[in-house]
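The following exercises practise the reading of helix packing and residue environments. Please work through each task before turning to its solution.

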Amino acid sequence: MEDNRLEQYVLGAMMVDSHCIPDVLDRLDVGAFELQMHQYIFSAIVHVYQSTGSAEPVLVAQYLKDNNNLNRIGGIVTITDMVQSIVETSNLSHVVDAVYDRWIKRKIFLVGKKIESLVQQQELSLSEMLAA
């Protein structure tokens with residue numbers, strides 16, 4: 001599954017089956033989602049879930065609208081497509097693991113880029129690099 005599709009699956013499953021939300025929240029936070037639109041949706045799902053105990057798509061969409069984010073995610077059609085694409089949620093833990101793995105790999109990549117940048121700054125001593 002393509003990375004974006006993995007994220008979409010997790011978000012759709014959270015709206016279809018709110019019982020899975022605590023398990024998702026044990027592994028992922030908003031930073032796990034690479035696309036900003038998915039971060040908006042995840043944040044909305046979490047807020048609605050914490051307020052109501054479920055993540056009904058209509059409430060998630062309303063929350064996004066109230067916070068001026070519904071158009072940023074592509075409108076109600078994005079929410080509808082995510083929900084309608086979920087046939088079952090029994091594989092959710094595997095998909096959450098894949099999203100988590102991609103998240104950690106992105107973090108490692110960014111650390112590597114920072115190290116590369118520090119090494120290229122020849123005016124820094126080794127102790128200064130390690131402190132950064």
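**Exercise 1: The surroundings of Arg27**

Arg27 has a relative accessibility of 32% and therefore counts as partly exposed, where buried means under 20% relative accessible area, exposed means over 50%, and partly exposed lies in between (1.4 Å probe, protein chains only). The model is predicted: local features need pLDDT of at least 70, side-chain atom pairs count only at pLDDT 80 or more, and totals for chains, interfaces and linings use all residues. Residues are numbered from 1 along each chain as its sequence is written, and side-chain values use heavy atoms, with hydrogens and water left out.

Task: State in which helix Arg27 is placed, and which residues Arg27 touches beyond four places away in sequence.

Solution.
- Step 1. Arg27 belongs to helix α2; helices are DSSP runs (H or I, at least four residues), numbered from the N terminus.
- Step 2. Not counting residues up to four places away in sequence, Arg27 touches Val96, Asp97, Tyr100 and Trp103; contact means heavy atoms within 4.5 Å.
- Step 3. Arg27 and Tyr100 are 73 residues apart along the chain, and their C-alpha atoms are separated by 7.0 Å.

**Exercise 2: The length of α6**

Task: Compare the span expected for helix α6 (residues 92–120) with the distance between its end C-alpha atoms.

Solution.
- Step 1. The expected span of a helix is 1.5 Å times one less than its number of residues.
- Step 2. Helix α6 has 29 residues, so at 1.5 Å a residue it should span 42 Å.
- Step 3. The end C-alpha atoms of α6 are 42 Å apart, which agrees.
- Step 4. The buried residues of α6 are Leu92, Val95, Val96, Val99, Trp103, Arg106 and Leu118. An α-helix has 3.6 residues a turn, so residues three or four places apart point the same way.

**Exercise 3: The packing of α4 with α5**

Task: Describe how helix α4 (residues 57–66) and helix α5 (residues 76–84) pack.

Solution.
- Step 1. Two packed helices are described by the angle between their axes and the distance between the axes. Axes are lines fitted to C-alpha atoms, for helices over the stretch in contact, and angles run from 0 to 180 degrees between N-to-C directions.
- Step 2. For α4 and α5, the angle is about 150 degrees and the axes are 10 Å apart. That makes α4 roughly antiparallel to α5, the term for angles over 145 degrees.
- Step 3. The crossing of α4 and α5 is right-handed, which means that the near helix is turned clockwise from the far one by less than a right angle.
- Step 4. Pro57, Val60, Ala61 and Leu64 of α4 meet Ile76, Ile79 and Val83 of α5.
- Step 5. By class, this contact of α4 with α5 has seven nonpolar, no polar and no charged residues. Nonpolar covers Ala, Val, Leu, Ile, Met, Phe, Trp, Tyr, Cys and Pro, charged covers Asp, Glu, Lys and Arg, and polar covers the others, Gly among them.

**Exercise 4: The loop between α4 and α5**

Task: Is Asn68 buried or exposed?

Solution.
- Step 1. Asn68 is found in the loop between α4 and α5.
- Step 2. Its relative accessibility is 60%, so Asn68 counts as exposed.
- Step 3. Phi of Asn68 is near 60 degrees, a positive value in a residue other than glycine.

**Exercise 5: The packing of α3 with α4**

Task: Give the geometry and the contact residues of helix α3 (residues 36–52) and α4.

Solution.
- Step 1. The axes of α3 and α4 cross at roughly 115 degrees and come within 9 Å.
- Step 2. The crossing of α3 and α4 is right-handed.
- Step 3. From α3, the contact uses Tyr40, Ile41, Ala44, Ile45, His47, Val48 and Thr52; from α4, Leu59, Val60, Tyr63 and Leu64.
- Step 4. By class, the contact of α3 with α4 has nine nonpolar, two polar and no charged residues.

**Exercise 6: Two residues of α3**

Task: Determine how accessible Ile41 and Met37 are, and what each touches.

Solution.
- Step 1. Ile41, in helix α3, is buried, with a relative accessible area of 0%.
- Step 2. Apart from neighbours within four places in sequence, Ile41 is in contact with Leu11, Met15, Leu64, Ile73, Thr78, Ile79 and Met82.
- Step 3. Met37, also found in helix α3, counts as partly exposed at 25% relative accessibility.
- Step 4. With neighbours within four places again left aside, Met37 is in contact with Arg72, Ile73 and Thr78.

Definitions and conventions
Helices (H or I, at least four residues) and strands (E, at least two) are DSSP runs, numbered from the N terminus. Angles under 35 degrees count as roughly parallel, over 145 as roughly antiparallel, 65 to 115 as roughly perpendicular and the rest as oblique.
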